[in-house]
Amino acid sequence: MGLVITAMIMESDGNSNKESLVRFLSCTNHLTHAQSVEVSETFQYKHINKNDYLLEEGRVANEYYFLQEGFLRSYVYDVLGNDITTHFYKPQQPVFEVSSFFTRSKSKENIQAITSCSGWYISFDQLNSLFHSHPQFREFGRTILVKGFADLKGRMLLMLTETAEKRYQELLTSNPELLKYASLKHIATYLGITDTSLSRIRKEYSRK
């Protein structure tokens, strides 16, 4: 399944490099700018090389990672051993396997960098400590989780109610930069279609 993640962890020399993280923490309006800066001080920097893993199947997710730059992919193996993409992560998003992280159970998903990535992370224990000491941060976390579940429900309905062409169009709209970095095979499994169908759809769009 590839190499275990080789990550470079460095101490931050101040908040100047955490501007995007502070903006993310402020995005729900539960935290003031000053509170966001304070919370951000708990986060540590992590660089992930292309093809390395943030999380591998069988391990317990222990990091809440804010992706500052780069793209990651989560995937599972189906009963036939096929690699199926479950999600793509783009910059300015939190990245973690929710079920494993909160239930402290072994993950069934892998999360792998498809480009070189940089971002900021805190551990499960640190996150819970912040939830208890900063009620506003707890509300921030609740809002982010609700949005994540709503997005997941939206994707489920899209897969059930829309055509492959519509699903591809939605991906183009929501994550256009991804197409520069993700393989067609990975995009096809994410959309629930074959490589051949994806090639046909792409050709049709190129003629428009």
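This text goes through a sheet, a helix with its surroundings, and a strand in a predicted model.

The starting point is an open sheet of four strands, arranged in the order E3-E8-E5-E6 with antiparallel pairing. Its edges are strand E3, residues 53–55, and strand E6, residues 83–89. Each of these two has a single partner strand, so one side of E3 and one side of E6 lack a neighbour in the sheet. Between neighbouring strands of this sheet the average turn is 30°, direction ignored.

At the E6 edge, the partner is strand E5, residues 72–77, and six bridges join E5 and E6 in the antiparallel sense. Within this pair, Val76 stands opposite Ile84 of E6. A helix is also found here: H7, made of residues 184–191, lies across both E5 and E6. The direction of H7 is at about 90° to that of E6.

The next element is helix H4, which spans residues 124–133. Four of its residues, Phe124, Leu127, Leu130 and Phe131, are buried, meaning that each has under 20% relative accessible area. Around the helix axis these four cover an arc of only 125°, and therefore they lie on the same side of H4. Asp125 and His132, in contrast, are exposed and sit on the other side of H4. The cover over the buried residues of H4 comes from several elements, including helices H2 (33–40), H3 (98–103) and H5 (135–161). Strands E4 (63–69) and E9 (117–123) are also part of that cover.

Strand E9 deserves a separate look. Seven of its seven residues are buried, so by the cut-off of under 20% relative accessible area E9 is mostly covered. The burial applies to both faces of the strand. On one side are Cys117, Gly119, Tyr121 and Ser123, and on the other are Ser118, Trp120 and Ile122.

E9 also pairs with other strands. One of its partners is E2, residues 44–48, which is joined to E9 by five bridges in the antiparallel sense. In that pairing, Tyr45 has Trp120 of E9 as its bridge partner. Another partner is E4, which runs antiparallel to E9 and is linked to it by six bridges. Here Leu67 is matched with Gly119 in E9 as its bridge partner.

Two of the residues just named thus recur from the account of the faces: Trp120 and Gly119 are both buried, and they belong to opposite sides of E9. E4 recurs as well, since besides pairing with E9, E4 helps to cover the buried residues of H4.

Key: Residues are numbered from 1 along each chain as its sequence is written. This is a predicted model: local features need pLDDT of at least 70, side-chain atom pairs count only at pLDDT 80 or more; totals for chains, interfaces and linings use all residues. Side-chain values use heavy atoms; hydrogens and water are left out. Two strands pair if DSSP finds at least two bridges between them. Axes are lines fitted to C-alpha atoms, for helices over the stretch in contact, and angles run from 0 to 180 degrees between N-to-C directions. Contact means heavy atoms within 4.5 Å. Buried means under 20% relative accessible area, exposed over 50%, partly exposed in between (1.4 Å probe, protein chains only). The arc is that of the directions from the helix axis to the C-beta atoms.
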